[in-house]
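Here are a few exercises to work through with the model open in your viewer. Try each task before reading its solution.

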Amino acid sequence: MDKSISVVVSVYNEEKALDEFYRETSRVLEETGWDWELIFVNDGSADSSLPVLKGLAAAQERVKIISFSRNFGHEAAMIAGMDYSTGEVVVCMDADLQHPPACIPEILKKREEGYEVINMVRTQNRTAGLVKNITSSGFYWLINHIADVHFEPNASDFFAVSRKVARVLRTNYRERVRFLRGYVQNVGFKRTTIEYEAGVRVAGESKYSLKKLFIFSINTILCFSNMPLKLGIYAGIFSALLGLAVMVYTLLTRQGAPSGYATIVVLICFMFAMMFVIIGIIGEYIAILFTELKDRPIYIVEETENIEEAGCGDKM
């Protein structure tokens, strides 16, 4: 087996964390004895992250930089890193040290045992807060009940794949609306999981607000399940049963149609609410289709450092 590893790191306004992350990660990589490259993807940072990265790249040629023309998002950054990676093992992780570099030797051990996909499952995240932990658990419970595929609860954007799997992901999973960790869990191949405890964020704050997480969750559900489209059928069946119940009530009481303004208003509001929810769901699916049909680039690279060949993205 080719003993080379590519570590892909998404960077967005992480200037205060980069030096410490590099020191810790490079030390761990050196101790593995594998040939390594550290690919930082600057996702349109507005702070001094790019100058810091350039300083690291100037001092160490195995540090590589991909800098986007603007912010394209965390998922696009991970895809770009995969596009430019050359290692037998590709590890994706964040720059805030919540994804412990100390797990890398165990990842490499699993790869040597023949595993193609290594999912990192978070056992505890003390910095996330009660609300995020509850909503995360609720999200995985929901999607596992309505999707055709199974997702590992508490799996994160910290994962590793072989070169073969990375090639599949970069070639066949080029959706504009995507859930990369979901693809990794369900792409097949021999896979395993490693549990880890999320470390304390070394600097900065989470880039995912509750609003962004909500939008991300909705897109994920729509990408992996057509169950929301079937709500129209279920709503129709429920409405038919409700109408049947009203008819039976009318015949048994012999009072004619149910009287009362409140009853009529409640029924009308309920029916219209169901209709608009279903129309909104259909609209979301159409929006995803429209985004895919436009076929715009997932990311645009403005400049690179220590990288000779262009990857699969669009380079300006």
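**Exercise 1. Find the residue in β3 that stands opposite N42.**

Start at N42 and look across to β3: the residue facing N42 is S67. Now zoom out to the strands themselves. β2 covers residues 35-42 and β3 covers residues 63-68, and the two run parallel, joined by 5 bridges. Two strands count as paired if DSSP finds at least two bridges between them. Strands here are DSSP runs of E with at least two residues, helices are runs of H or I with at least four, and both are numbered from the N terminus.

A word on the ground rules: this is a predicted model, where local features need pLDDT of at least 70 and side-chain atom pairs count only at pLDDT 80 or more, while totals for chains, interfaces and linings use all residues. Residues are numbered from 1 along each chain as its sequence is written, and side-chain values use heavy atoms, with hydrogens and water left out.

**Exercise 2. Work out what lies on the other side of the pairing story: how is β1 joined to β2?**

Step one: β1 (residues 4-11) and β2 run parallel, with 8 bridges between them. Step two: pick out a facing pair, such as V8 and I39 in β2. Step three: check the cover on β2, where 7 of the 8 residues are buried (under 20% relative accessible area with a 1.4 Å probe, protein chains only; over 50% is exposed, and in between is partly exposed).

**Exercise 3. Trace the helices that connect these strands and give the handedness of each unit.**

Go from β1 through α1 (residues 18-32) to β2, and you have a right-handed β-α-β unit. Carry on from β2 through α2 (residues 49-59) to β3, and that unit is right-handed too. Right-handed means that, with the strands pointing away from the viewer, the path from the first strand over the helix to the second runs clockwise.

**Exercise 4. Explain why α3 is largely enclosed by the rest of the structure.**

Count along residues 74-84: 11 of the 11 are buried, so α3 is largely enclosed. Among them are H74, E75, M78, D83 and Y84.

**Exercise 5. Decide how many disulfides the structure holds.**

Look for cysteine sulfur atoms within 2.5 Å of each other, the cut-off for a disulfide. A search of the whole structure turns up 0. As for burial, C92 counts as buried at 0% relative accessibility, and C103 is buried at 10%.
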